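Today I'm poking at one helix and one strand to see which parts are tucked away. Here's what I had open while I took notes.

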Amino acid sequence: MNTLQLIICTFDGETKADQVRTVIQKLDQDSDIVNLENIAVVKKTPEGKITFTETRQTEERQLGMAYLVAAGVASLALAPLLGPVAVLGGMAGVALLNLSFSAQDLGFADEQLYSLGTSLAAGSSALVTIADTPAEAQLVIAELERLGGTLLQTTLPEATISRLQDAQPSPRDH
């Protein structure tokens, strides 16, 4: 039986979850047990504006920009051989591919993150992630609590676990 755990931790202060995300990402890099695929930060300003970011979305955008820059450099190098029309066509294709990747939501559903934001107190924030194993959940939760968060946690139903696992890329090497 799978034991994915959705972890939601709220914080006083709209920037606190961003600060905590940095600490959790360091834990992820330094630990052989922690291997978080995505971390979302949801913020609600004192005026009530809701914003959110996800590490997976940021990584996808950075990868897309790297492809675009590499294609541009390669196109400039090949311009004398292929001619300007072929080079522009190739660059346009890479840009279109980059746009299609950036349009996909590979992380948490935006509607769910926004809904979480509506439930936050004005001027607060939340961190959301999924732990794959009980040991991973235990380490992440201990760190979130140490950093002053208020924890909400649940074990996900089997149908949700299957859907999430189908959408996740293969685990990265540590």
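First, a word I need: I call a residue buried if it has under 20% relative accessible area, and exposed if it has over 50%. I also keep in mind that this is a predicted model.

Entry 1, strand β4. How many of the residues of β4 are buried? I looked up residues 124-131 and found eight of the eight buried, so β4 is largely enclosed by the rest of the structure. I remembered that side chains in a regular strand alternate between the two faces of the sheet. So I split my list by side, because of that alternation. On one side I got S124, A126, V128 and I130, on the other S125, L127, T129 and A131, and both faces are covered.

Entry 2, the partners of β4. Which strands pair with β4? I found β1 (residues 5-12), which pairs with β4 in the antiparallel sense over eight bridges. I noted one bridge there: L6 partners I130 of β4. Strand β2 (residues 39-44) is joined to β4 by six bridges, and these two run antiparallel as well. Here I saw K43 standing opposite S125 in β4.

Entry 3, helix α5. I checked residues 134-146: α5 has 13 residues and reaches 18 Å from its first C-alpha to its last, close to the 18 Å expected. Its buried residues are E136, A137, V140, I141, E143 and L144. Down the axis of α5 they fall within an arc of 165 degrees, so they line one face of the helix. On the face turned away from that buried side I found exposed Q138 and R146. After α5 comes G148, with a positive phi near 90 degrees.

Conventions: Residues are numbered from 1 along each chain as its sequence is written. This is a predicted model: local features need pLDDT of at least 70, side-chain atom pairs count only at pLDDT 80 or more; totals for chains, interfaces and linings use all residues. Side-chain values use heavy atoms; hydrogens and water are left out. Helices (H or I, at least four residues) and strands (E, at least two) are DSSP runs, numbered from the N terminus. The expected span of a helix is 1.5 Å times one less than its number of residues. Buried means under 20% relative accessible area, exposed over 50%, partly exposed in between (1.4 Å probe, protein chains only). The arc is that of the directions from the helix axis to the C-beta atoms. Two strands pair if DSSP finds at least two bridges between them.
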